[in-house]
Each structure stands twice: as C-alpha cells, then as structure tokens.
Amino acid sequence: MSEVETLQLHAPGTIPAAEEIAQSGRGMYDWLGVPYDPAAWPKSGDLYRRNELWWRHVEPTRGAYNFAPVETSLADARTAGGRAGIRIMPMGNWGEPKHHPDWVPTGTGNAPLQNHTTYITGWCDMVGALGAQFNGDPRLHFIDLSGGGAWGEYYWDDAWGVEITPANALTIAQATIAAFPDTYILAPATRPYMDNAIALAPNVGWRFDFAGGMPLTLAGTPMQDRWKTAPVVTEWAPDPASFTTALALDNVRSMHISMVSSGNNPPRPRARPAPAGPGSAQPARQPGPGRSPPCPSRTRPLREPPTP
C-alpha cells in the first residue's frame, strides 16, 4: 500500500507596507535651513553647504589652505546624523563681493578671469589639496564640480566677458575626478559641461535645480542611467507659477532622484547666509546691467551644446 502525500496550498497574506527608512543619501536634505516640504517625507540627515564656502576663504594666499570651514560643515553633518555635500564657490553674481582670492585676476563685475592660466592652475591645485585631505572621508557625501560660472553652476552673463571654455572646464573636471576618486561628484545640469564630466567617471552624478517646474526627457542623454552609479540631487522649483505636484512626482520617478530640498522654494529666506570666512553677510543677488535675472533655475538648464 503506497503512501499518499497531501499538499496544502496557502495563499500568501498581504505584507504590510513598511515606513520609509530615513538614511543618509536618500530623502530630504537641509539647505539654507528652510523647513522640509513635504514635512512628512523621510529626512536624510544630510546637509548641503553650497553657498557658504568661498574660494577666497579656502585659499586666501596662493598655496596656503584653510580647510576649517569644510571641517565645520562635515562636523555639522555628523552631528545631524548624516553627511555633507559641499561646493566651493569661485564667484557670485552682480553686486556681490569677490568669491575668488585676490591673487586671481579679476574682470568685470567682480568676476574672475576664468580662462586665465592663474585661475585654471590655481583652481586645480586647490581641488587637489581638498582631495588629499577629504577624498573618501565618510562624513563627505559629495563635492560639486564647481569651477566655472556664477556660483560654480556654469551660468554666465555675457557682460562679464568671455565664459570658461569647454576645454578649460574639462581640465577642471579631470582634476576634480582625479582628486576625488572615492567620493561622489555632482555636476550642474548645464550642458555641454555636465555631459563631458559624466562621460569621464561613474562617480560623477548630477544636480537639477528645477524639480516640479519643467518636464525632463533623459532618453539618449548621458544622465539617463547615471543614477545607477552616482546620486541625482535636486530642489523644488522656485517658481510657484510653473510648479505642479504631478510634474514633481514625474521628475522624482523618471530622474531617479536621490535627494530633494525645499531650500530654493518659497517661502524661503531672502537673506543669504554669511560666508564662512571673514566679511559681512552677502547682499541679495542682482542681475547685471541691462541683463535679466538668471531665472527660473539660476542655471541654463540642460543647455544644448553649440552646433558645430
């Protein structure tokens, strides 16, 4: 007599959805101390110091570096339970004091001569020194690729003169990647500079200033799959007239955004924080003579490469 085994089938129950787990590198990040919106979204614990760190304070004298402001940023992030993203700013906008050291040649409107040999070699040397000190530091999440244009975002007002050339921008990108092989690098969403940088190394991510304010098609671009190897960081669009929650959700999903901030979204502080070095608080940004303000995103988002 043979034994017959009876099989019992059990339908799986519904697995309850777990709450979002906040962690460094994912969720809302702090920028300018603006309250998180939505307030209920997970907090990464990370902070982004991209306004406070000026080149003139990091290297007031050629080859003499002051990394105390960077150390302060990393310590603040550790205290908050996260990591820091940092940007060294080479210049501001019209009406703002010089962000570059006095030993770097200056042009119109306090803009440095960004194609001058002293500027290029000085910036690359400074980035190399930063990398020697902070590459692979567990407190540092990413550093901006910020060597060109206003705020280091490669925005340029023609009244300043000649903007940084793609060749010199590529030199800065190569120096940054060489200095930080074990740390993420964020390229601003300004083309062709971002495309060239992303093509150099898988640890180069990118940052978009206008989430929820414009549709973005990544198909066929260098950014399409970069989220697989490096972070995509953004902030809510500052223009209430163009911002929609549906577009914001689409951006988050299609761009595979890692972190987002409300720091540039109204209501927000009008006064910018005081720089990390000596000096008074920074005045409000003003457009150059006869020029329009660099709105809405303060960069030229996804500017196409020039036609050959």
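Colleague: In this predicted model, does Phe142 count as buried or exposed?

Modeller: This is a predicted model, in which local features need a pLDDT (the predictor's confidence in each residue, from 0 to 100) of at least 70 and side-chain atom pairs count only at pLDDT 80 or more, whereas totals for chains, interfaces and linings use all residues. Residues are numbered from 1 along each chain as its sequence is written, and side-chain values use heavy atoms, with hydrogens and water left out. With a 1.4 Å probe and protein chains only, a residue is called buried under 20% relative accessible area, exposed over 50%, and partly exposed in between. Because Phe142 has a relative accessible area of 2%, Phe142 counts as buried.

Colleague: How many aromatic pairs are there?

Modeller: Rings of Phe, Tyr and Trp (for Trp, the six-membered ring) pair if their centres lie within 6.5 Å, and planes under 30 degrees apart count as stacked, over 60 as edge-to-face and the rest as tilted. Counted by this rule, the number of aromatic pairs is 14.

Colleague: Which kind of aromatic pair do Tyr48 and Phe142 form, and how many residues apart are they?

Modeller: The two rings lie 5.0 Å apart, centre to centre, with 85° between their planes, so that the pair of Tyr48 and Phe142 falls under edge-to-face. The pair links distant parts of the chain, with Tyr48 in strand S2 (residues 43-49) and Phe142 in strand S4 (residues 140-144); strands (E, at least two residues) and helices (H or I, at least four) are DSSP runs, numbered from the N terminus. Tyr48 is buried, at 2% relative accessibility. In short, the pair is edge-to-face, and its residues are separated along the sequence by 94.

Colleague: Which residues have the most contacts inside the largest nonpolar core?

Modeller: A nonpolar core is a set of buried Ala, Val, Leu, Ile, Met, Phe, Trp, Tyr and Cys residues joined through side-chain atoms within 4.5 Å. The largest one has 52 residues, and helix H3 (residues 117-134) gives the most to this core, with nine residues. Apart from it lies another core, of 10 residues, including Met91 and Trp160. The residues with the most contacts inside the largest core are Leu130, Ile172, Phe180 and Trp206.

Colleague: Which residues does Leu130 touch, leaving out those up to four places away in sequence?

Modeller: A contact here means heavy atoms within 4.5 Å. Beyond that sequence limit, the residues touched by Leu130 are Phe67, Val70, Ile88, Asn135, Ile143 and Phe180.

Colleague: Which side chain makes a polar contact with that of Asp102?

Modeller: Asp102 is placed in the loop between strand S3 (84-86) and H3, and it counts as exposed because its relative accessibility is 54%. A polar contact is a pair of N or O atoms within 3.5 Å, where within protein one must be able to donate a hydrogen and the other to accept it, and residues adjacent in sequence count only if both atoms are side-chain atoms. At 3.3 Å, the side chain of Asp102 makes such a contact with that of Arg56.

Colleague: In the loop that holds Glu96, which backbone nitrogen lies 3.0 Å from a polar atom of the Glu96 side chain?

Modeller: Glu96 also belongs to the loop between S3 and H3, but it is buried, at a relative accessible area of 2%. The backbone nitrogen at 3.0 Å from its side chain is that of Asn93.

Colleague: What is unusual about the peptide bond from Asp37 to Pro38?

Modeller: Most residues other than glycine have a negative phi, and most peptide bonds are trans. Pro38 is in the loop between strand S1 (27-30) and S2. With omega near 5°, the bond from Asp37 to Pro38 is cis.

Colleague: What is the phi of Trp151?

Modeller: Trp151 is in the loop between S4 and helix H4 (166-179), and at 0% relative accessibility it counts as buried. Although Trp151 is not a glycine, its phi is positive, at about 60°.

Colleague: Over which residues is the pLDDT below 50?

Modeller: The protein chain averages a pLDDT of 81, and 79% of the residues score at least 70. Where pLDDT is low, the predicted coordinates should not be read in detail. One stretch has 97 contacts in the model beyond near neighbours in sequence, yet its pLDDT is below 50, and it covers residues 267-308.
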